[in-house]
Amino acid sequence: MLTDIEIAQQCEMKDIREIAEKINIEDEDLELYGKKKAKINYLLLKKLENKKDAKLILVTAINPTPAGEGKTTTTVGLADGLRKIGKNSIVALREPSLGPVFGIKGGAAGGGYAQVVPMEDINLHFTGDFHAIGAANNLLAAMIDNHIQQGNTLGIDPKKITWKRAVDMNDRQLRNIVDGLGKASDGSPRQDGFEITVASEIMAILCLSKDIPDLKNRLSNIIIGYTYDNKPVRAADLKAQGAMAALLKDALKPNLVQTLEGTPALVHGGPFANIAHGCNSLTATKIALKLSDYTVTEAGFGADLGAEKFLDIKCRIGNLKPDCVVLVATIRALKMHGGLPKDKLNEENLEALEKGLPNLLQHIDNIQNVYKLPCVVAINAFSNDTEKELKLVEDKCKEYGVEVSLSTVWANGGDGAVDLANKVVSLCDKENDFSFAYEDEDSIYDKLNKIATRIYHADGIELSAAAKKQLTQLEELGFDKVPVCMAKTQYSFSDDPSLLGAPKGFKISIKNLKVSSGAGFIVAYTGDIMTMPGLPKVPAAERIDIDENGIITGLF
């Protein structure tokens, strides 16, 4: 059996100009990065502003387990499947982070015969967007410490600096550090830390900015910390926004690539959904909506994180209205949610499946009854799935008024999503009453509580002493009307990763609140969530290699 990378390397990719021509992008709006990749000028949106938007399809999933769900694979396969039935589709995805690529989770280019290519480029350096984001982030960090070193006329309290440095790698050693050691000319010693680039506010800003002026405005509004008398200090106070925007000018342009079957793919931005807002760039999505009849996009991890943030943050800020939600599940993962160990997943076990199904059903309930959106369940097929197991899932979903489609895109590409594509088209033709989980005018506490009770089905929230103080400060600063971004484990509806299925009788513990004033939302840190992951005992990096001809191996 061929690996993902072997399948991708056998693909005869079309010239990217041919892909652009498919969706009527002219040469003047295209910036080539070789023959297989290109950037699209974001100003194209202004040319297309009077064009009707396509149908918007969000692909999300159950809470992930080590058994895997195949959400990105399904997203890519669905876009290919829509073209198989004669629809003009585009897929809009996030860019992979190097952290998971070299860690344990893997990349984000799909799998099997439902991938975006060139797979190696996309999963590694791609067009340099993440490097630009890291550079802009660390330029601001350098300017903060330089300002303090050069006299600190703004009165920045080193103990109240909230801005961290960033690197796109899983490196737990950098979570908490002390820097500025050495001679007096080497800087001012202080406690500091790194976060992974995908968790940086710069990533969120890039994904929510519509053009250079909007980017500069958002960058200038970043709060980097507070003065000795507790006043916020912004990037604009350091005169940093212009240089940061200059570093980001090309990264702001969405990337155009293709699927294995030649479907146009916009891959741009990459915030994690467990510690950031988990969606590709608003510009890429909006361009896709103008150039297609059906735009398929995905949001990270399970629907309690990625879909919630897509719907409550991205759709709110970008004035988007989804037409349909695809909820991806696997029989294997549902059996794990039912308590079955990983080494038993290949065996038929209806009892474990029955116990795990509440996880899927609770996500369905949220999509249908909180967000008021039509939904279809896509079962990502494995060879060991049995007819009895598939029928049990289908019967339970029908009780909720939801159709089920068996997706075989990993093995069959777009042909494996024809049934799903037809069901999606049918759902997109229906009117919906899309609603948010909370309203703008709700207090910060009420927003947090509504997400916890309505989406996680918790009994409520518990704020630490620090979070209570931060909440009061944020309200005094006028941030009570912005959306909230929950930083929470992806493995559970709760903030405890060991509570699988659909747990009850718990509260969400909120440890800290931080405003991302440039991005335009508040981040709530729950449980033991961290913004800098670590590598596993045996990292994927140990298996990756390159030969004398430049051929990469071991990359999935």
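Start with the second largest pocket of this predicted model, an open space with a volume of about 1,200 Å³. To find its middle, select Ile 161, Thr 162, Lys 164, Gln 470 and Asn 512, which are the closest to the centre among the 36 residues that line the pocket. Then widen the selection to the elements that each supply at least two residues of this lining: the strands E7 (156-161), E10 (190-192), E11 (194-196), E12 (223-227), E22 (508-516) and E23 (521-526), together with helix H19 (465-476). If you colour the lining of the second largest pocket by residue class, you will see 15 nonpolar, 11 polar and 10 charged residues.

Several of these strands belong to sheets, and the tour follows two of them.

Keep E22 and E23 on screen and add strands E20 (461-463) and E21 (484-487), which stand at the edges of an open sheet. This sheet has 4 strands in the order E20-E22-E23-E21, and its pairing is mixed. Each of the two edge strands has a single partner strand, so one side of E20 and one side of E21 are left without a neighbour in the sheet. Looking from one strand to the next, you will find a twist that averages 40°. For a detail, zoom in on E20 and E22, which run parallel and are joined by 3 bridges; here Ile 461 stands opposite Ile 508 in E22.

Now return to E7 and E12, and select strand E13 (232-234) with them. These 3 strands form an open sheet in the order E7-E12-E13, with antiparallel pairing. E7 and E13 stand at the edges, and because each has a single partner strand, one side of each is left without a neighbour in the sheet. Neighbouring strands here are turned against each other by 50° on average, direction ignored. Between E12 and E13, which run antiparallel, there are 3 bridges, and Tyr 226 is placed opposite Pro 232 in E13.

The next stops are enclosed spaces. Rolling a probe the size of a water molecule over the atoms shows where empty space is left. How many cavities of 30 Å³ or more are there? The count comes to 2.

For the largest cavity, which has a volume of about 110 Å³, select Ala 199, Glu 201, Ile 275, Ser 516 and Val 523, the residues nearest its centre out of the 14 that line it. Helix H8 (201-208), E22 and E23 are the elements that give two or more residues to this lining, and the largest share, 3 residues, comes from E23. By class, the lining of the largest cavity holds 7 nonpolar, 4 polar and 3 charged residues.

The second largest cavity contains about 70 Å³ of space, and its lining can be selected as Glu 95, Pro 96, Leu 98, Ile 122, Leu 124, His 125, Phe 126, Phe 130, His 131 and Asp 168. Of these lining residues, 6 are nonpolar, 2 are polar and 2 are charged.

Move next to a pair of helices. Two packed helices are described by the angle between their axes and the distance between the axes. Select helix H4 (residues 71-84) and helix H17 (residues 418-428), whose axes come within 8 Å and cross at roughly 80°. That crossing makes H4 roughly perpendicular to H17, because angles of 65 to 115 degrees count as such. To display the contact, show Thr 74, Leu 78, Gly 81, Leu 82 and Lys 84 on H4, and Val 418, Leu 420, Ala 421, Val 424 and Val 425 on H17. The residues of this contact divide into 7 nonpolar, 2 polar and 1 charged.

The tour ends with two details of the backbone. Most residues other than glycine have a negative phi, and most peptide bonds are trans. Select Val 117 and Pro 118, and you will find a cis peptide bond joining them, with omega about 5°; Pro 118 is in the loop between strand E6 (114-117) and helix H6 (119-123). Finally, go to Phe 301, in the loop between strand E16 (294-298) and helix H12 (303-318). The phi of Phe 301 is near 55°, a positive value in a residue other than glycine.

Terms used: Residues numbered from 1 in each chain as written. Predicted model: local features only at pLDDT ≥ 70, side-chain atom pairs only at ≥ 80, totals over all residues. Heavy atoms only, no water. 1 Å grid on protein atoms, 1.4 Å probe; cavity = no way out; pocket = protein on both sides within 12 Å on 5 of 7 lines; lining within 4 Å. Points joined across faces, edges and corners; volume = space filled by probe spheres on them. Nonpolar A, V, L, I, M, F, W, Y, C, P; charged D, E, K, R; others polar. Axes fitted to C-alpha atoms, helices over the stretch in contact; angles between N-to-C directions. Parallel < 35°, antiparallel > 145°, perpendicular 65-115°, else oblique. Contact = heavy atoms within 4.5 Å. Pairing = 2+ DSSP bridges.
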